[in-house]
Amino acid sequence: MSEDNKSDKSITRIKENPDNYIVKERFEIIEGVRYDFLSSPKINHQILVSELTTAINITCHTEGLILFAPLDVHFDEANILQPDIIFIRNENLHIINDGYIKGVPDLLIEIMSPSSGAIDKVKKKAVYEQFGVSEYWIVDPHYATVDQFLLVDDKYQLAATYDNSGKVESPQLACLSVELTKMFQAANRFGG
């Protein structure tokens with residue numbers, strides 16, 4: 001018997017069963033109601049997260065911390081959300097406690113999917129507004145747009161809607177500048 005065959009016999013082979021995997025539940029609590037994530041995001045969603053995170057990191061890495069889901073943002077016990085992208089200015093990093101964000105980030109970005117659009121545009125927007133998130137973006141991969149909301153007098157106002165040829169800049173975060181053409185091209189590379 002060859003050495004290869006001897007070593008093969010010493011290896012125990014177990015057929016994997018998906019039921020054996022430990023998968024931590026992913027959900028959000030909005031206004032005291034649990035919303036389960038129904039599936040993992042599609043590739044275009046993840047490319048947009050990556051492209052946006054990279055673009056913000058390039059221009060704002062010295063100004064604050066950029067994070068991405070899955071990561072809980074605890075506004076209070078009835079509102080624990082997982083925004084796709086989170087930016088916290090250096091002066092507000094004290095909201096990070098015990099490995100979680102327990103307070104109000106400076107910028108939150110949600111990338112819509114067919115199952116999350118209504119929640120992102122209505123329920124999450126209302127929570128972010130209520131707790132005073134100064135800037136909120138809703139990215140629509142299907143239409144290749146970004147809606148930029150700014151908090152003015154405790155209410156969100158639509159500052160601009162950018163298309164895939166636009167450049168998002170923030171009046172509240174001077175470091176922020178994101179070219180959208182390349183970002184949406186990368187996301188659409190594999191279709192929707």
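Which strand does W137 lie in? Strand β10, which spans residues 135–140, is the place to look. Please keep in mind while reading that this is a predicted model. Here are some notes to help you find your way around.

1. **The chain as a whole.** The protein chain has 192 residues, and 41% of them are buried. Its secondary structure comes to four helices and 14 strands. If you take the contacts between residues at least 6 apart in sequence, 52% of them join residues at least 24 apart. The accessible surface of the chain is about 11300 Å², and carbon and sulfur atoms account for 52% of that area.

2. **W137, a good first stop.** Since you have already found W137 in strand β10, have a look at its surroundings. W137 has a relative accessible area of 0%, so it counts as buried. Leaving aside neighbours within four places in sequence, its contacts include L107, L108, I109 and E110. Other contacts of W137 are L52, V146, D147, Q148, V168, L176 and V178. One of these partners, D147, is ten residues away along the chain, and the C-alpha atoms of W137 and D147 are separated by 5.5 Å.

3. **E110 and K124.** These two side chains meet in a salt bridge, with 2.9 Å from N to O. The pair links distant parts of the chain, because E110 belongs to strand β9 and K124 to helix α3, 14 residues apart. Are E110 and K124 buried or exposed? Both are buried. E110 is also among the contacts of W137 described above.

4. **A network around that pair.** The salt bridge between E110 and K124 is part of a wider arrangement: E28, E110, D120 and K124 are linked in a network of salt bridges. In total, the structure holds nine salt bridges.

5. **D120, another member of the network.** You will find D120 in helix α3. Why is D120 called buried? Its relative accessible area is 2%, and buried means under 20%. D120 and E110 are ten residues apart in sequence, with 6.6 Å between their C-alpha atoms. Beyond its neighbours within four places in sequence, D120 is in contact with E110, I111, M112, K125, Y136 and I138.

6. **Two salt bridges with partly exposed residues.** The side chains of R89 and E91 meet in a salt bridge, at 3.8 Å from N to O. R89 has a relative accessibility of 22% and therefore counts as partly exposed. In another salt bridge, E169 pairs with K167, and their closest N and O atoms are 3.7 Å apart. E169 counts as partly exposed because its relative accessibility is 42%. K167 is partly exposed as well, with a value of 38%.

7. **The largest pocket.** Rolling a probe the size of a water molecule over the atoms shows where empty space is left. The largest pocket has a volume of about 860 Å³. It is lined by 34 residues, and H45, I111, S113, S115 and S116 lie nearest its centre. The elements that give two or more residues to this lining are β2 (33–36), α2 (43–60), β9 (107–111) and α3 (117–131). Which element gives the largest share of the lining? That is α2, with four residues. By type, the lining residues divide into 13 nonpolar, twelve polar and nine charged.

8. **A cis peptide bond.** A69 and P70 are joined by a cis peptide bond, with omega at about 5 degrees. To find P70, go to the loop between β3 (64–68) and β4 (73–76).

9. **Two positive phi values outside glycine.** E31 is not a glycine, yet its phi is positive, near 55 degrees. It is found in the loop between β1 (27–30) and β2. With a relative accessibility of 52%, E31 counts as exposed, because the cut-off for exposed is over 50%. D154 has a positive phi of about 65 degrees and is not a glycine either. D154 is in the loop between β11 (145–152) and β12 (155–162), and at 61% relative accessibility it counts as exposed.

Technical notes
Residues numbered from 1 in each chain as written. Predicted model: local features only at pLDDT ≥ 70, side-chain atom pairs only at ≥ 80, totals over all residues. Heavy atoms only, no water. 1 Å grid on protein atoms, 1.4 Å probe; cavity = no way out; pocket = protein on both sides within 12 Å on 5 of 7 lines; lining within 4 Å. Points joined across faces, edges and corners; volume = space filled by probe spheres on them. Nonpolar A, V, L, I, M, F, W, Y, C, P; charged D, E, K, R; others polar. Salt bridge = Lys/Arg side-chain N within 4 Å of Asp/Glu carboxyl O. Buried < 20%, exposed > 50% of the residue type's maximum accessible area, 1.4 Å probe, protein only. Contact = heavy atoms within 4.5 Å. Areas by Shrake-Rupley, 256 points an atom, 1.4 Å probe, with all protein chains shown as cover.
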